[in-house]
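Let's walk through this one as a quick back-and-forth. Have the model open while you read.

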Amino acid sequence: MAEALLIEQRKGLALASVMARKGVSAQDLGKAFGLSALPEGPRSARIDSLSFWGTGPGTWLAIADRFDPGWPQRLEQIAGRLASISDQTGSYALFRLSGNGARTLLQRGAAVDLDPQVFGPGSVATTVIAHIGAIIHRDEAGYDVAVFRSYAESFRDWYDSVAATV
Amino acid sequence: MRIPCPYCGERNSGEFVYRGDAAPMRPEGAEGLFDYVYLRENPAGPLREHWYHAQGCRNWIEVTRDTRNHVISGAILAREARR
Ligand SMILES: [Zn+2]
């Protein structure tokens, strides 16, 4: 990450929560989606253009890179008998933070250790940044932060003021 | 104080809602309801207590905390504690 700090809002995504039904394992659900298992801890998995972030025991946030009118019925067809699927496309705003200082910036708001030794690519943390509920995901190139959509402007205010100091 | 969530890892206690002693069980009928709602032991030593990880994985967890020094000796999901 040697480039300049870049913060942008990711648009055009499709989101849904996936909650395993009683007795359904992360392996059962993963197999339905073509993975060996969905992550059993706060980590992510990806197949084709679909990502899963672990947000709690038996719960995941599913994120498709591109919204299509078949969402989230497409997920229901795959896993509707194994999990409860609810559309979250309008519920979260996703911000992309990359480049120099992205970690420093996030670390000034999040009280979880973002050191690459403990928060490497594929790590997920559901926490708060400046009292705003946030799900942080780390990949090879940077961080995604999902906040409740109605807090997007507050989150923008927060990173504008902090970015000035990074 | 940091609470060790079994799913999320160690987190600031501000992310949690405290609910107190995990021992009382809701009675079937009216008998014993007063005790269940109002009466609590006040032990000096290890106490199993409920914390809700509201700003994290949104799960109830059962934490064993020593009330004399706040040392936490364990934490499991409440749903597993009841098994
Ligand atoms: Zn948690």
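Q: Where in chain A does His131(A) sit?
A: Keep in mind that this is a predicted model. To place His131(A), look past strand 8 (124–129) and before strand 9 (132–138) of chain A. His131(A) is in the loop between strand 8 and strand 9.

Q: Is His131(A) buried or exposed?
A: His131(A) isn't a glycine, yet its phi is positive, at about 70°. Its relative accessible area is 77%, and the cut-off for exposed is over 50%, so His131(A) counts as exposed.

Q: Which class of accessibility does Arg58(B) fall into?
A: Arg58(B) is another non-glycine with a positive phi, here about 60°. You'll find Arg58(B) in the loop between strand 4 (46–52) and strand 5 (60–66) of chain B. The relative accessibility is 46%, and values from 20% to 50% go in the middle class, so Arg58(B) is partly exposed.

Q: What is omega for the peptide bond between Trp71(A) and Pro72(A)?
A: Pro72(A) is in the loop between strand 5 (59–64) and helix 2 (73–79) of chain A. The bond that joins Trp71(A) to Pro72(A) is cis, with omega at about 0°.

Q: How do the rings of Phe95(A) and Tyr159(A) pair?
A: Over all chains, the structure holds ten aromatic pairs. In this one the ring centres are 5.8 Å apart and the planes meet at 70°. Planes over 60 degrees apart take the pair out of the stacked and tilted classes, so Phe95(A) and Tyr159(A) are edge-to-face.

Q: How many residues apart are Phe95(A) and Tyr159(A)?
A: Phe95(A) belongs to strand 7 (residues 92–98) of chain A, while Tyr159(A) belongs to helix 4 (residues 152–163). The pair therefore links distant parts of the chain, 64 residues apart.

Q: Are Phe95(A) and Tyr159(A) buried or exposed?
A: Phe95(A) has a relative accessible area of 0%, and Tyr159(A) comes in at 8%. Both belong to one aromatic cluster that also takes in Phe155(A) and Trp158(A). The cut-off for buried is under 20%, so Phe95(A) and Tyr159(A) are each buried.

Q: Which residue shares a 2.7 Å side-chain polar contact with Tyr18(B)?
A: Tyr18(B) is in strand 3 (residues 17–21) of chain B and is partly exposed at 42% relative accessibility. Leaving out neighbours within four places in sequence, its contacts are Glu49(B), His50(B), Trp51(B) and Arg65(B). Of these, the one joined to Tyr18(B) by the 2.7 Å side-chain polar contact is Glu49(B).

Q: How far apart are the C-alpha atoms of Tyr18(B) and Ala54(B)?
A: Along the chain, Tyr18(B) and Ala54(B) are 36 residues apart. In space, their C-alpha atoms are separated by 10.0 Å.

Q: Which three residues supply 54% of the area that chain B buries against chain A?
A: Eleven residues of chain B touch 16 residues of chain A. Together the two chains bury about 1,100 Å², with 51% of that on carbon and sulfur atoms. On the chain B side, the three that supply more than any other three are Tyr7(B), Arg11(B) and Gln55(B).

Q: How many salt bridges does the rule find across the interface of chain B and chain A?
A: By class, the chain B side has three nonpolar, three polar and five charged residues. Four residue pairs are in polar contact across the interface. As for salt bridges, the rule finds zero.

Notes
Residues numbered from 1 in each chain as written. Chains lettered and ligands numbered in written order. Predicted model: local features only at pLDDT ≥ 70, side-chain atom pairs only at ≥ 80, totals over all residues. Heavy atoms only, no water. Contact = heavy atoms within 4.5 Å. Buried area = accessible area lost by both parts, 1.4 Å probe. Salt bridge = Lys/Arg side-chain N within 4 Å of Asp/Glu carboxyl O. Polar contact = N/O pair within 3.5 Å; in protein donor to acceptor, adjacent residues only side chain to side chain. Nonpolar A, V, L, I, M, F, W, Y, C, P; charged D, E, K, R; others polar. Phe/Tyr/Trp six-rings, centres within 6.5 Å; stacked < 30°, edge-to-face > 60°. Helix = DSSP H or I, 4+ residues; strand = E, 2+ residues; numbered from the N terminus. Buried < 20%, exposed > 50% of the residue type's maximum accessible area, 1.4 Å probe, protein only.
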